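Reader: Please take a close look at the main nonpolar core of this model and at the helix packing beside it. I would like the contacts spelled out residue by residue, followed by the other places that deserve a check.

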Amino acid sequence: MEPVARSKIISNVLEGKLLGLLFYEPSTRTRLSFEAAMKRLGGGTVGFAEAGTSSATKGENLTDTVRIVAEYTDALVIRHNMEGTARYVAEMVDVPVINAGDGAGQHPTQTLLDLYTMKRLLGNIEELHVALVGDLKYGRTVHSLAYALAMFGARMSFVSPPELKMPREILHDLAGSGVNVQETSNIHDVLAYVDVLYVTRIQKERFPDPQEYLKIKGAYTIDSKLLENSEAIVMHPLPRVDEISHDVDNTPYGKYFQQAFYGVPVRMALLKSIIKKG
Ligand code: NCD
């Protein structure tokens, strides 16, 4: 898929197929990379990038909107601020449904591209030690990634302010599959040992109280000086706010732009595998 994503090879495997994009929450990479992925494979997309431009503003409920768009298309991608929305929608329609982020729940296709990036750049996921850094409470990307890394038996460390620790039920699930994780609020505890620093944004929009956000904002800033004694690559699902300094961008540590590109070939592979031929 990579040469097709870079238009070095032209593909029409999804010619005549349509993907529905239902984005009730803001998105840049996820939405545009799904759109690019579908079009690179010869298919098309319909949808909306914010609920404000859909009939939701006229009072239409989610169920009706989704049912109709499912009639128009061959698969749906949905992002919504409520946890469980994608699962709810999947039970309602006959076309495949992809969760592009459900509140502070999960973001499974981000995890696919995160795993692909690790495998592509570092080789075996099984042998890696990955630190998940930042907002582990509200960050949906790290929830999905923690479950996936556990499936590969990778080592994990969780680095967060005490207020933003990984939810206890996820730790419980990980322990149930035999994975015990080191938790710390001090990034220096892990810096020398890890292969990947997976940094996340503090999820401002999920805080019930803005004062709480202001207290924690800027808790971590990864800069090139901090990385001097580390061999880790730095990943981030993006968007970043202030948690990775721009001086990391062009160093061998900074892999987040490459990671974002991999979203296209990975989503192409996913679409090709779930959209019915014929
Ligand atoms: C993430 C998301 O929406 O959860 N962004 C993305 O899809 N790449 C991360 C974030 O918003 O912080």
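Author: What follows goes from the core to its helices and strands, and then to a second core and some loop residues.

The model is a predicted one. Its largest nonpolar core holds 25 residues. Within this core, M118, L132, L149 and F158 have the most contacts. Two or more residues come from each of the helices α5 (108-122), α6 (140-152) and α7 (168-176), and likewise from each of the strands β5 (129-133), β6 (155-159), β8 (196-199) and β9 (233-235). The greatest contribution is that of α6, which supplies 6 residues. As a general matter, nonpolar side chains in soluble globular proteins tend to be buried together.

M118 is a useful place to start. Setting aside residues within four places in sequence, M118 is in contact with G123, I125, L128, V130, L145, L149, V196 and M235. One of these partners, L149, is itself among the residues with the most contacts inside the core.

A separate core of 21 residues lies apart from the one described so far, and its members include V4, L14, F23 and L271.

Next comes the packing of α5 on α6. Their axes come within 8 Å and cross at roughly 50°. Because of that angle, α5 counts as oblique to α6. The crossing is right-handed. On the α5 side the contact is made by P108, Q110, T111, D114, L115 and M118, and on the α6 side by T141, S144, L145, A148, L149 and F152. By type, the residues of this contact are 7 nonpolar, 4 polar and 1 charged. M118 and L149 thus appear both in this helix contact and among the residues with the most contacts in the core.

The strand side of the region can be followed through V159, which is found in β6. V159 has a relative accessibility of 0% and therefore counts as buried. Its C-alpha atom is 6.0 Å from that of L132, although the two residues are 27 apart along the chain. Beyond four places in sequence, V159 touches A131, L132, V133, G134 and L136, then T184, S185, N186, I187 and V190, and also Y220.

A second helix pair, α2 (29-40) with α9 (256-274), can be described in the same terms. The two helices pack at an angle of about 50°, and their axes are 8 Å apart. That angle is why α2 is called oblique to α9. This crossing, too, is right-handed. From α2 the contact takes in R29, T30, S33, F34, A36, A37, M38 and R40, and from α9 it takes in A260, G263, V264, R267, M268 and L271. The residues of this contact divide into 8 nonpolar, 3 polar and 3 charged. L271 of α9 is also one of the residues in the core of 21.

Several loop residues remain. Q203 sits between β8 and α8 (210-216). Its relative accessibility is 10%, so Q203 counts as buried, the cut-off being under 20%. Among residues further than four places away in sequence, Q203 is in contact with D135, Y138 and G139.

A51 lies in the loop between β2 (44-48) and α3 (62-72). With a relative accessible area of 19%, A51 is buried because the value falls under 20%. Leaving out residues up to four places away in sequence, A51 touches F23, Y24, A56 and T57. F23 is also a member of the core of 21 residues. From A51 to N124 the C-alpha distance is 40 Å, with their positions 73 residues apart in sequence.

For backbone geometry, the loop between β9 and α9 holds both L238 and P239. The peptide bond from L238 to P239 is cis, with omega near 5°. L238 is not a glycine, yet its phi is positive, at about 65°. At 13% relative accessibility, L238 counts as buried.

S7, another residue other than glycine with a positive phi, has a value near 55°. S7 is placed in the loop between α1 (2-5) and β1 (18-23). Its relative accessibility is 38%, so S7 counts as partly exposed.

Note on methods:
Residues numbered from 1 in each chain as written. Predicted model: local features only at pLDDT ≥ 70, side-chain atom pairs only at ≥ 80, totals over all residues. Heavy atoms only, no water. Core = buried A, V, L, I, M, F, W, Y, C linked by side-chain atoms within 4.5 Å. Buried < 20%, exposed > 50% of the residue type's maximum accessible area, 1.4 Å probe, protein only. Helix = DSSP H or I, 4+ residues; strand = E, 2+ residues; numbered from the N terminus. Contact = heavy atoms within 4.5 Å. Axes fitted to C-alpha atoms, helices over the stretch in contact; angles between N-to-C directions. Parallel < 35°, antiparallel > 145°, perpendicular 65-115°, else oblique. Left-handed = near helix turned anticlockwise from the far one by under 90°. Nonpolar A, V, L, I, M, F, W, Y, C, P; charged D, E, K, R; others polar.
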